[in-house]
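Subject: Structure handover

Hello,

Here is the structure I promised to pass on. Please open it next to this email.

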Amino acid sequence: MTKQQTLQANSVQELAAYLIDPDIKIEHEANIIDRLHEVFSELAIVSGFDGEEGWKHDVQTSSGMAIGVNEAARCLLDYRRTGQFFRGLYAAIREAKRLFPKETIKVLYAGCGPYAPFLTLIAPQFLPGEVVFSLIEINGESLEIAKALVAEFGLQDYLQDTFLADATLLQVPAAKDYHILFTETMDTALEREPMVPILLNLLPQLRPNVLVLPRNVTIEGVFFSHSELPNGIDILWELTSTIPGHSIGTVMDMAEALETYLDLEEKDGIFHELQCELPPQEYRDFFALYTTVEVWEGIFLYKNESDITDLRVRDLKDLPPCDYINFEYLLGEELELLFGVS
Ligand SMILES: C[S@@+](CC[C@H](N)C(=O)[O-])C[C@H]1O[C@@H](n2cnc3c(N)ncnc32)[C@H](O)[C@@H]1O
């Protein structure tokens, strides 16, 4: 490594170490991540905002879309997401070290993007030999850039394997050796991106007590009346908003649905379905989906705290006479929690 590279690697390790603090102030977290992004964009030549035409394009997976190089790079700047996933994986590696003393902890990282931030930021917080990562990435350019970045930072000792593959289909060699499965391949309400099919493919291959991050994603359904939102729906995006609406509770619990679906003998592509009673008529003006991600024990991303927990709201004008709202999450090219009334 050149002297300049050593300096940059040290500064990344030191900056990232600030993210370990669970009480880090939001502004400090954003500032640290902005500075990390500056180093990454300089070394990786990808900022997420310009570059080659091909970096803009998504890739179709067997089920769901993998986002392109630029969008994957920009995920780093989803500050709260990056901070909480960093703290979650850091805590999970420590827990795995406790559960499996004297073993090198093996992390299977599905969907690393061009910065592989949960390797490049976390590995240097541990000694070589304490933890190793294997990367799976469907986008060849992202994977090449991630490998180059690992080399630039002198982190090769932490990199076990790389797989240029669709994680919804890959058969992982020596899969039972991994202690941790890490993937952040989701969008809000589990739409578009393939985290569910990735977990459905990888989980049965791994050891039964593998530690999985995120631990869960839940989606709550909440109805609102016009009278609660006299100035429109924008207020629902304010983090301090306390308008209760009428909750119909959790309409999808990913961990529960995964367990149920994996137990099915005949997998029919219907990952989840649910029927709920509609609330009283006066609440049937707007319907919102609140996404919560449980990254690790005690480490959550709540609605509107990140792009992956962004609120989804639908204006329900002209609803026909009905009693129930029905939800369905189907596996296939387009992933979305669909709903309709009956
Ligand atoms: C949301 S980005 C996250 C990137 C990076 N891990 C981070 O957190 O900043 C998801 C990444 O997963 C990759 N990906 C999505 N679906 C995939 C699949 N089926 N197989 C392998 N990689 C996938 C995308 O190409 C993208 O690079």
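Below is what was found in it, topic by topic.

First, a caution: this is a predicted model.

Domains

The domain assignment splits the protein chain into domain 1 (3-215) and domain 2 (217-341). Their centres, taken over C-alpha atoms, are 28 Å apart. Domain 1 puts 29 residues into the contact, and domain 2 also puts in 29 residues. On the domain 1 side, helix 4 (79-99) and helix 7 (195-202) are the elements that give two or more residues. Helix 4 gives the most, with eight residues. The side of domain 1 that touches domain 2 has 15 nonpolar, six polar and eight charged residues.

Ligand

The ligand has 24 residues around it. Which of them come nearest? They are Ala66, Ala72, Gly111, Gly113 and Ala167. Helix 5 (117-120) and strand 4 (131-137) are the elements that give two or more residues to this shell. By class, the shell around the ligand has 14 nonpolar, seven polar and three charged residues.

The parallel sheet

Five strands make up an open sheet with parallel pairing. The order is 5-4-3-6-7. Strand 5 (159-164) and strand 7 (211-213) are the edge strands, and each pairs on one side only. From one strand to the next, the twist averages 15°.

Look next at strand 3 (residues 105-110) and strand 6 (residues 180-183). They run parallel and are joined by four bridges. To find this pairing on screen, start at Val107, whose bridge partner in strand 6 is Ile180.

Helix 4 comes up again here. Helix 4 lies across strand 3, strand 4, strand 6 and strand 7. Its angle to strand 7 is about 180°. This is the helix that gives eight residues to the side of domain 1 that touches domain 2.

The antiparallel pairs

Strand 8 (216-224) has two pairings to look at. With strand 11 (residues 286-296), strand 8 pairs in the antiparallel sense over nine bridges. Phe223 has Phe287 as its bridge partner in strand 11. With strand 9 (residues 246-253), strand 8 pairs over six bridges, also in the antiparallel sense. There, the bridge partner of Val222 is Ser247 in strand 9.

Backbone points to check

Is the peptide bond from Leu213 to Pro214 cis or trans? It is cis, with omega near 0°. Pro214 is in the loop between strand 7 and strand 8.

Two residues have a positive phi although they are not glycines. One is Ala174, at about 50°. Ala174 sits in the loop between strand 5 and strand 6. Is Ala174 buried or exposed? Ala174 counts as exposed because it has 11 other C-beta atoms within 10 Å, and the cut-off for exposed is 12 or fewer.

The other is Asn304, with a phi of about 70°. Asn304 is in the loop between strand 12 (299-301) and strand 13 (312-315). Asn304 has 18 other C-beta atoms within 10 Å, so it is partly exposed. A buried residue would need 20 or more.

If you have time for one view of each part, I would suggest these:

- Helix 4, on the side of domain 1 that touches domain 2.
- The shell around the ligand, including Gly111 and Gly113.
- The cis bond from Leu213 to Pro214.

Best wishes

How values were computed:
Residues numbered from 1 in each chain as written. Predicted model: local features only at pLDDT ≥ 70, side-chain atom pairs only at ≥ 80, totals over all residues. Domains from an automatic or database assignment. Contact = placed C-beta atoms within 7 Å. Nonpolar A, V, L, I, M, F, W, Y, C, P; charged D, E, K, R; others polar. Near = placed C-beta within 6 Å. Pairing = 2+ DSSP bridges. Axes fitted to C-alpha atoms, helices over the stretch in contact; angles between N-to-C directions.
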